[in-house]
Amino acid sequence: MLDRKYILDHLDAVRTNCGNRGVSCELDRLVELESQRREKLVAVQELNRQANEVSKSIGKASSPEEREQRKEEGRRLREAKDKAQTDHDALDAEALTIQKTVPNMAHDAAPVGVDDKANLEVRKGKHAPRALGFKAKDHVELGQDLDLIDFEGGARTTGAGFYFLKNEGVLLELALQQYAVQQLRARGFTVTTTPDLARDEILEGIGFMPRGPETQVYSIAESDLSLVGTAEITLGGLYSGHTFESEDLPLKLCGISHCYRTEAGAAGRASKGLYRVHQFTKIEMFAYSLPDQSDAVLEEFCQIECDLFDGLGIPYRVVDTATGDLGGPAYRKYDLEAWMPGRGDAGEYGEVTSTSNCTDYQARRLNCRYKVKGEKGTKFIHTLNGTAVAVSRAMIAVMENGQQADGSIVVPEALRPWVGMDVIGPKA
RNA sequence: GGAGGAGUGGCAGAGUGGUCGAAUGCGCCGGUUUGCUAAAUCGGUGAUGGGGUCAUUCCCAUCCGCAGGUUCGAAUCCUGUCUCCUCCGCCA
């Protein structure tokens, strides 16, 4: 969330930003509420001060009568304070509700536009899409022919959008995890495995809505826990409430988790196979950084994603995400879209990773701060996240790009140490 | 799952109703002293929010895991909750 004072001081810029993002917020109401709240706050503090003064004088009262009289005065002041406090809290709560709906500001260079049509391609990967010379199969067909994925089994046991990986499909999943984790470790990331559940309060801090009709997450009944949609949630929660020493930043973390998504409202965008599933494994990058480091860390995350997909020999393009497609917390976001030969009529790009600089938008809710030695006070850190490998979508790209005329799949060299073979299939 | 115990400033650790934002020690910052280092010694040293001077400053409110309650007044008493430790049971 944005700082309330910032919103008031930069009302025009915030309003413009909301417009660019296609979000409507009751900014005028917020301004009104906040000015009323400030007044109440001053009143509360003044009453408190008076009451404290009276309380202090009671111990020094010279007679029982005077003591009783002072007590009565104290009671009266506290009562008045409580009333003012209640008013203040109501104003504060309503202001907060609006404040939470205001999206982060956007980077000056982020393309302006209300949806993904305005996304700007900024670069392409090392490898160009390969001319197959035969009619490409999609990963669903490949997975079925080579006995790598069982969608029906997933639907029977759990529901549509769930699946079993089988045989070499499992080896691919594990290999992709190993590949990403090894690369990140070599680049100074602290690798972690993370809880698949998190408190609702943490989800909110990251910018997810844990409950309610619009929610994208599964919640656990009779608890304040939800299944995480990404390790970004748990990695961001890891240091909630923490104050970092500036010299310890940036802190780069890599987290392995399962990701659970209801995909509510995605019915119209339904797609086959692994592309939009309710559960997948993801290797996530996350960073806590100083404000003046976050632009560079975003570029670094993007470069790592590029290196990972270049290393797999997969063609892709990078897009600079338009304001309307950023989501609430992001200040700037790059998506990697991998070439998927089996998609559409003759292949299409499909999003495989995404990296965002959320500046202090998440940190404010999570109360993550930093302190500079020798300086007074603390400031909010910046948070960034990026997908190293979302296994399900990476598998689509690996399978479809590696397919050969005989129906087999060439395993990318980088994955062979873990898959243990050069080619998957074909099945006799 | 059962029974106990504990959560205080960067750390250790006092504090069981008012003078406590909180002793003391360590650490940290600055001064003095000393060929250098070390030691000694003196002083300073939390955060958040609000207000006035809008300049270095000053004033106020809040904060002792978190949320409530009792009271004129709570680190201190009560309730709930989270976390940690010990013992027992169970278990991959």
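I'll start with a loop: D147 sits between α5 (139-145) and β2 (149-150). This is a predicted model, so please hear everything that follows in that light. The phi of D147 is near 60 degrees, which is a positive value in a residue that is not glycine. For background, most residues other than glycine have a negative phi, and most peptide bonds are trans.

That brings me to the cis bonds. One is the peptide bond from L249 to P250, where omega is near 0 degrees. P250 is found in the loop that connects β7 (243-245) with β8 (251-260). Another cis peptide bond runs from G425 to P426, with omega near -5 degrees. P426 belongs to the segment after β17 (423-424).

Now the overall layout of chain A. The domain assignment splits the chain into domain 1, residues 4-99, and domain 2, residues 116-424. Taken over C-alpha atoms, the centres of domain 1 and domain 2 are 43 Å apart.

Next, a pair of helices. How do α7 and α12 sit relative to each other, roughly parallel or roughly perpendicular? The axes of α7 (residues 168-186) and α12 (residues 391-402) come within 10 Å, and they cross at roughly 115 degrees. The two helices are therefore roughly perpendicular. The crossing of α7 past α12 is right-handed.

The rest of my time goes to RNA strand B. Around this strand there are 19 residues, and the closest are S55, I58, R75, G377 and T378. Which part of the RNA faces the protein, sugar and phosphate or bases? Counting the atoms of RNA strand B within 4 Å of the protein, 80% belong to sugar or phosphate, and the rest belong to bases.

Here are some individual contacts. K5 places a polar side-chain atom 3.5 Å from a phosphate oxygen of RNA strand B. G377 also approaches a phosphate oxygen of the strand, through a backbone N or O atom at 3.0 Å. At K71, a polar backbone atom is 3.3 Å from a sugar or linking oxygen of RNA strand B.

As for where this surface comes from, the elements giving two or more residues to it are α3 (27-58) and α4 (64-99). α3 gives the most, with nine residues.

What is the make-up of the surface near RNA strand B, in nonpolar, polar and charged residues? The count is three nonpolar, seven polar and nine charged.

To close on the RNA: the closest residues include R75 and G377, and 80% of the strand's atoms within 4 Å of the protein are from sugar or phosphate. That is all I have.

Note on methods. Residues are numbered from 1 along each chain as its sequence is written. Chains are lettered from A and ligands numbered from 1 in the order in which they are written. This is a predicted model: local features need pLDDT of at least 70, side-chain atom pairs count only at pLDDT 80 or more; totals for chains, interfaces and linings use all residues. Side-chain values use heavy atoms; hydrogens and water are left out. A residue is near a molecule or strand if one of its heavy atoms lies within 4 Å of it. A polar contact is a pair of N or O atoms within 3.5 Å; within protein, one must be able to donate a hydrogen and the other to accept it, and residues adjacent in sequence count only if both atoms are side-chain atoms. Helices (H or I, at least four residues) and strands (E, at least two) are DSSP runs, numbered from the N terminus. Ala, Val, Leu, Ile, Met, Phe, Trp, Tyr, Cys and Pro count as nonpolar, Asp, Glu, Lys and Arg as charged, and the others, Gly among them, as polar. Domain bounds come from an automatic or database domain assignment. Axes are lines fitted to C-alpha atoms, for helices over the stretch in contact, and angles run from 0 to 180 degrees between N-to-C directions. Angles under 35 degrees count as roughly parallel, over 145 as roughly antiparallel, 65 to 115 as roughly perpendicular and the rest as oblique. A crossing is left-handed if the near helix is turned anticlockwise from the far one by less than a right angle, and right-handed if clockwise.
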